[in-house]
Amino acid sequence: MTNPPPPGNWSDPTWSAPPSSPTPDPTLVAGQPVPPQPGPVDPYAPTNPYAPNPYAPVDPYAGAQPPAAQPMAEYAPPGYAPAAYPQQYPGYGYPQPPKTNGLAIAAFVLAMIGFTSCITAPIGAILGHVAQKQIRLSGEGGAGMAKAAIIIGWILTGFLVLVLAFYAAAIIYAIATSNNSGSY
């Protein structure tokens, strides 16, 4: 239903005239369909778990043919029976641990014996210092044992010095306070 045109020459903004042409379709631009706009990406949308990973490392040996089987006699030295398996290439497996310094072991043992006697503790501490120098120069193992021998040895040596000082003070006090009357 449309309103009649307004009287006179003035225009009424609320008056609606019948459309002169059909209304344009918002999905068409110049008669062509409008492509859909990309929307926000849903991070929780399900994905294809079997899709190839674009970030996977590339295998340089993919599609390569394995080498032909070689007879085991090639690996055996001349004059020896063929080995059951070829020699292992160097660099495979676990590396061998470094050899432990013998002086570090001796220093640690002497420092630990110092718990019972206190006499071997300073020897263990001094040997620990010598072992540390040898380990730095040769690259052998046992640095932790040498350091432990130094720490334990010097602590027990300090304890020994305190005990000896206490005994010396007790003897001096006993002599000073004794009655020198000479009578029995």
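Are Phe-166 and Tyr-167 buried or exposed? I looked this up first, bearing in mind that the model is predicted. Phe-166 is exposed, and Tyr-167 is exposed as well.

**Aromatic rings.** I then searched for ring pairs and found 1 aromatic pair in the structure. Its members are Phe-166 and Tyr-167, with ring centres 6.2 Å apart. I noted an angle of 50 degrees between the planes, and the pair is tilted. The angle falls in that class because planes under 30 degrees apart count as stacked and those over 60 as edge-to-face.

**Nonpolar surface.** I next looked up a nonpolar patch on the surface. Ile-105, Val-109 and Ile-113 make this patch, which covers about 220 Å². I placed Ile-113 in helix α1, which spans residues 102-117. Ile-113 has 40% relative accessibility and therefore counts as partly exposed; the class runs between the limits of 20% and 50%.

**Nonpolar core.** I turned to the interior and listed the largest nonpolar core. It has 6 residues: Ala-107, Ala-111, Ala-121, Ala-149, Ile-152 and Leu-156. I recorded α1 and α3 (143-177) as the elements that give two or more residues to this core. The most comes from α3, which gives 3 residues.

**Surroundings of Ala-121.** I chose one of the core residues, Ala-121, and asked which residues it touches, leaving out those up to four places away in sequence. Ala-121 is in contact with Leu-110, Gly-114, Gly-153, Leu-156 and Thr-157. I noted that Leu-156, one of these contacts, is also listed in the largest nonpolar core.

Terms used: Residues are numbered from 1 along each chain as its sequence is written. This is a predicted model: local features need pLDDT of at least 70, side-chain atom pairs count only at pLDDT 80 or more; totals for chains, interfaces and linings use all residues. Side-chain values use heavy atoms; hydrogens and water are left out. Rings of Phe, Tyr and Trp (its six-membered ring) pair if their centres lie within 6.5 Å; planes under 30 degrees apart count as stacked, over 60 as edge-to-face and the rest as tilted. Buried means under 20% relative accessible area, exposed over 50%, partly exposed in between (1.4 Å probe, protein chains only). Patches are made of residues with over 30% relative accessible area and no salt bridge: like charges are joined within 9 Å, nonpolar side chains (Val, Leu, Ile, Met, Phe, Trp, Tyr) within 5 Å. Accessible areas come from the Shrake-Rupley method with a 1.4 Å probe; for residues, only the protein chains shown count as cover. A salt bridge is a side-chain nitrogen of Lys or Arg within 4 Å of a carboxyl oxygen of Asp or Glu. Helices (H or I, at least four residues) and strands (E, at least two) are DSSP runs, numbered from the N terminus. A nonpolar core is a set of buried Ala, Val, Leu, Ile, Met, Phe, Trp, Tyr and Cys residues joined through side-chain atoms within 4.5 Å. Contact means heavy atoms within 4.5 Å.
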